[in-house]
There are 2 protein chains.
Amino acid sequence: MKIDPASPADLSAQIAAAIRDAIVAGTLIVDERLPSEAELSEQFDVSRPTVREALKRLAAQSLIRTQRGATGGAFVNRLSFEEAYPQQITTSTLLLSMNAVSFETACEARYALERACAPFSANRRSPDHLATMRAEIHRQSQPGLTDEAFCASDVAFHRALVDGAGNPVLSYQLAGAVEAMQPLMNMITFSARDRARIVALHTDIADAVERKDADATAIALTALELETQKLAESVFAARASKPATK
Amino acid sequence: MKIDPASPADLSAQIAAAIRDAIVAGTLIVDERLPSEAELSEQFDVSRPTVREALKRLAAQSLIRTQRGATGGAFVNRLSFEEAYPQQITTSTLLLSMNAVSFETACEARYALERACAPFSANRRSPDHLATMRAEIHRQSQPGLTDEAFCASDVAFHRALVDGAGNPVLSYQLAGAVEAMQPLMNMITFSARDRARIVALHTDIADAVERKDADATAIALTALELETQKLAESVFAARASKPATK
DNA sequence: GCACTTCAAATGCCAGACAATTAGAAATCG
DNA sequence: CGATTTCTAATTGTCTGGCATTTGAAGTGC
């Protein structure tokens with residue numbers, strides 16, 4: 001692991017990159033302890049604060065964890081799906097909000113990915129996943145639910161559907177796509193009529209999943225996508241015609 | 001933005017979280033300049049190195065960028081898809097290598113997601129995407145190609161297919177799934193026979209995309225998935241029977 | 001008006017020190 | 001001898017203070 005003091009890049013960034021590469025390449029294995037900060041500062045011939053900045057960069061990506069005390073230090077972290085979820089969601093959310101991605105594009109991607117999960121979920125979902133879906137549908141039927149709560153329940157419903165596929169890689173990839181849409185969905189006000197239609201479509205999906213009918217699940221998802229797109233279109237059109245709503 | 005000095009968590013982690021939340025919530029907008037390190041250290045009542053560690057954490061996630069000089073400072077970064085790709089790929093790669101995800105599971109997820117892109121790609125791909133696919137197929141037919149180069153070309157082929165869908169959200173999500181599989185694929189040695197079969201299936205895919213035939217594209221992808229799974233199975237079986245290969 | 005110089009602000013980096021935490025070793029007591 | 005307590009060393013977390021480097025902007029001279 002070498003760094004170039006004459007490089008234009010920050011020393012801490014170079015050090016972080018060197019260690020990250022070693023982790024990705026497998027030179028440093030899970031739970032292995034890195035040298036202490038003092039030793040690293042000697043090895044790289046930089047000061048301890050600089051080493052610390054590098055370690056914090058890695059900690060921000062959950063590549064290492066640190067522990068204080070006599071046997072403490074920095075350890076290569078076993079990156080778990082649970083840890084990776086929030087980062088994935090944060091990144092996806094910001095990508096959507098900062099890049100003027102149209103609602104249509106985001107929605108298309110989300111439902112396309114979700115349809116990809118549908119066959120697996122229909123065949124493999126546990127009774128637990130199905131129960132979660134039914135419970136969320138029931139919650140969505142409650143009158144007096146705020147729009148935010150309705151959206152949150154919507155996300156929970158779809159996550160249960162995706163998790164039902166029993167493939168952690170799919171769940172991880174989908175988490176970003178599904179949750180990142182929530183801020184966009186929260187811009188929509190749902191009338192009682194809208195909610196009834198969505199609940200009906202959710203019920204179609206749950207029924208199809210219960211019957212282990214992969215095709216019907218995909219078809220119901222497509223219907224829900226159309227409904228969502230139509231709803232968003234009308235909301236954005238109304239907002240455009242009288243922009244002084246707020 | 002407040003932090004709790006008595007909290008067990010690192011001060012720099014708390015500060016980073018506070019600023020990150022402000023960015024995600026929209027309190028800090030793109031290209032806005034954060035207070036200088038000296039000002040932040042006053043606001044949070046911590047020292048400058050602590051503030052710097054917090055800023056490095058955010059920089060590691062591309063949430064901010066820093067600039068030296070008179071008008072320098074830390075700025076809220078417009079997170080672009082280009083910047084997010086490498087992080088997504090690194091994370092996905094580590095998730096697969098550290099969590100004993102079976103080849104089968106990863107492969108299933110990858111092809112499921114790719115099939116989700118197929119209909120869009122068949123209908124929208126530019127001539128450029130198609131040309132890239134043909135070029136990679138041609139490269140894969142060259143004798144004397146190393147296994148690594150063959151895999152790299154394979155990734156390029158599939159990325160062209162995915163990018164052909166013209167949906168940046170899909171491309172972003174798929175980048176992780178496709179590229180993260182490369183280390184797993186690199187464990188496989190491809191015989192000339194294997195390569196010929198894969199090239200033939202790639203040609204089927206390219207032909208279907210050229211005809212704008214979404215169904216045929218999905219079918220060809222499924223055939224390729226089966227071939228890949230079968231190939232991996234035989235390789236792993238052979239390795240298991242005589243484990244002292246290396 | 002243009003080129004050059006100077007300046008100030010900000011980040012990047014460093015040295016040294018002290019505080020807090022923690023596991024293990026050592027000492028003490030029953 | 002065993003259990004408990006205390007001590008100690010190692011390590012990270014934080015602070016103070018300072019210097020180096022970069023860079024835009026203001027000033028200066030021609």
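**Entry 1: bases of strand D.** I began with base contacts in this predicted model. A polar backbone atom of B:Gly69 sits 3.4 Å from a base oxygen of DNA strand D. I then checked B:Arg68. One of its polar side-chain atoms is 2.9 Å from a base oxygen of DNA strand D. For the phosphates I looked at B:Asp10. An N or O atom in its side chain lies 3.4 Å from a phosphate oxygen of DNA strand D.

Next I asked which elements give two or more residues to the surface near DNA strand D. In chain A they are helix 3 (48-60), strand 1 (64-67) and strand 2 (73-76). In chain B I noted helix 3 (48-60).

**Entry 2: the whole surround of strand D.** I found 25 residues around DNA strand D. The closest are A:Arg48, A:Arg52, B:Leu11, B:Ser47 and B:Thr50. Of the strand's atoms within 4 Å of the protein, 66% belong to sugar and phosphate. I sorted the residues of this surface by type: six are nonpolar, 10 polar and nine charged.

**Entry 3: strand C.** I turned to DNA strand C and found 23 residues around it. A:Leu11, A:Thr50, A:Ala70, B:Arg48 and B:Arg52 come nearest. Sugar or phosphate supplies 71% of the strand C atoms within 4 Å of the protein, and bases supply the rest.

I looked up three contacts here. A backbone N or O atom of A:Leu11 is 2.7 Å from a phosphate oxygen of DNA strand C. For A:Ser47, a backbone N or O atom is 3.1 Å from a phosphate oxygen of that strand. B:Arg48 reaches a base: a polar side-chain atom lies 3.0 Å from a base nitrogen of DNA strand C.

The elements giving two or more residues to this surface are helix 3 of chain A, plus helix 3 and strand 1 (64-67) of chain B. Helix 3 of chain B gives the largest share, three residues. By type I noted four nonpolar, 10 polar and nine charged residues.

**Entry 4: domains of chain A.** The domain assignment gives domain 1 (11-76) and domain 2 (81-241). Their C-alpha centres are 39 Å apart.

**Entry 5: cysteines.** How many disulfides are there over all chains? My search found zero. Why is A:Cys151 unpaired? The closest cysteine sulfur, in A:Cys107, is 12 Å from its own, so the two are too far apart for a bond. A:Cys151 is also buried, at 3% relative accessible area. B:Cys117 is in no disulfide either, and the nearest cysteine sulfur, that of A:Cys117, is 12 Å away. B:Cys117 is buried too, at 1%.

Terms used:
Residues numbered from 1 in each chain as written. Chains lettered and ligands numbered in written order. Predicted model: local features only at pLDDT ≥ 70, side-chain atom pairs only at ≥ 80, totals over all residues. Heavy atoms only, no water. Near = heavy atom within 4 Å. Polar contact = N/O pair within 3.5 Å; in protein donor to acceptor, adjacent residues only side chain to side chain. Helix = DSSP H or I, 4+ residues; strand = E, 2+ residues; numbered from the N terminus. Nonpolar A, V, L, I, M, F, W, Y, C, P; charged D, E, K, R; others polar. Domains from an automatic or database assignment. Disulfide = S-S within 2.5 Å. Buried < 20%, exposed > 50% of the residue type's maximum accessible area, 1.4 Å probe, protein only.
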